[in-house]
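Here are a few short exercises to work through with the model open beside you. Try each task before you read its solution.

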Amino acid sequence: MANEPLSQKEIEDRLRELPGWAFEDDRIVRTYRLGTHFAASALVVHIAGVQDELNHHSDVTLGYDTVRVSVNTHSAGDAVTGADFALAERVEALAPSHGAR
Ligand SMILES: C[C@H](O)[C@H](O)[C@H]1CNC2=NC(N)=NC(=O)C2=N1
């Protein structure tokens with residue numbers, strides 16, 4: 001089920017399919033770099049829309065030209081679940097359209 005905690009091996013296996021993402025402090029995380037602060041802000045808004053669509057929400061940190069996404073599943077005791085990877089995959093799919101790298 002999407003909201004069951006994944007094992008450490010499952011997390012590592014799935015992270016291999018998501019270059020740039022890492023496991024840190026019981027979360028999966030990635031920091032994107034963008035060309036401008038406005039572009040970074042637009043990426044945050046786009047991510048917010050996807051998160052409401054999925055009803056699954058990361059901690060998104062906006063910097064000058066960076067966006068950090070950090071997520072685990074509160075209802076699974078703050079463990080990493082399939083829902084976190086589903087969100088990460090959606091963010092990965094939309095980030096290039098904002099020039100994120
Ligand atoms: C009631 C609603 O389903 C929950 O509050 C959702 C919203 N977004 C969420 N996001 C995350 N990351 N974990 C959750 O457990 C979660 N639960």
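A residue counts as buried if 20 or more other C-beta atoms lie within 10 Å of its own, as exposed if 12 or fewer do, and as partly exposed in between, with C-beta atoms placed from the backbone. The model is predicted: local features need pLDDT of at least 70, side-chain atom pairs count only at pLDDT 80 or more, and totals for chains, interfaces and linings use all residues. Residues are numbered from 1 along each chain as its sequence is written.

**Exercise 1.** Find where Asp25 lies and decide whether Asp25 is buried or exposed.

Solution. Start with the location: Asp25 sits in the loop between β1 (22-24) and β2. Helices (H or I, at least four residues) and strands (E, at least two) are DSSP runs, numbered from the N terminus. Next, count neighbours: Asp25 is exposed because it has 8 C-beta neighbours inside 10 Å. Finally, check the backbone: phi of Asp25 is positive, about 50°, although Asp25 is not a glycine.

**Exercise 2.** Do the same for Asp78, which is found in the loop between β4 and α3.

Solution. Asp78 has 12 C-beta neighbours inside 10 Å, so Asp78 counts as exposed. Its phi is near 60°, a positive value in a residue other than glycine.

**Exercise 3.** Work out which strands pair with β4, and in which sense.

Solution. Two strands pair if DSSP finds at least two bridges between them. Take β2 (residues 27-33) to begin with: it pairs with β4 in the antiparallel sense over six bridges, and Arg33 stands opposite Thr66. Then take β3 (residues 59-62): four bridges join it to β4, again antiparallel, with Asp59 partnered by Ser70. Three residues separate β3 and β4, which form a hairpin.

Now look at the faces. In a regular strand the side chains alternate between the two faces of the sheet. In β4, Val67, Val69 and Val71 make up the covered face, while Thr66, Arg68 and Ser70 make up the uncovered one.

**Exercise 4.** Which residues surround the ligand, and what classes do they belong to?

Solution. List those near the ligand (C-beta atom, placed from the backbone, within 6 Å of it): Asn55, His56, His57, Val71, Thr73, His74 and Ser75. Then sort them, with Ala, Val, Leu, Ile, Met, Phe, Trp, Tyr, Cys and Pro as nonpolar, Asp, Glu, Lys and Arg as charged, and the others, Gly among them, as polar. The shell has one nonpolar, six polar and no charged residues.

As a last step, follow His74, which lies in the loop between β4 (66-71) and α3 (82-94). His74 is exposed because 10 other C-beta atoms lie within 10 Å. The C-alpha atoms of His74 and His56 are 9.6 Å apart, with the two residues 18 apart along the chain.
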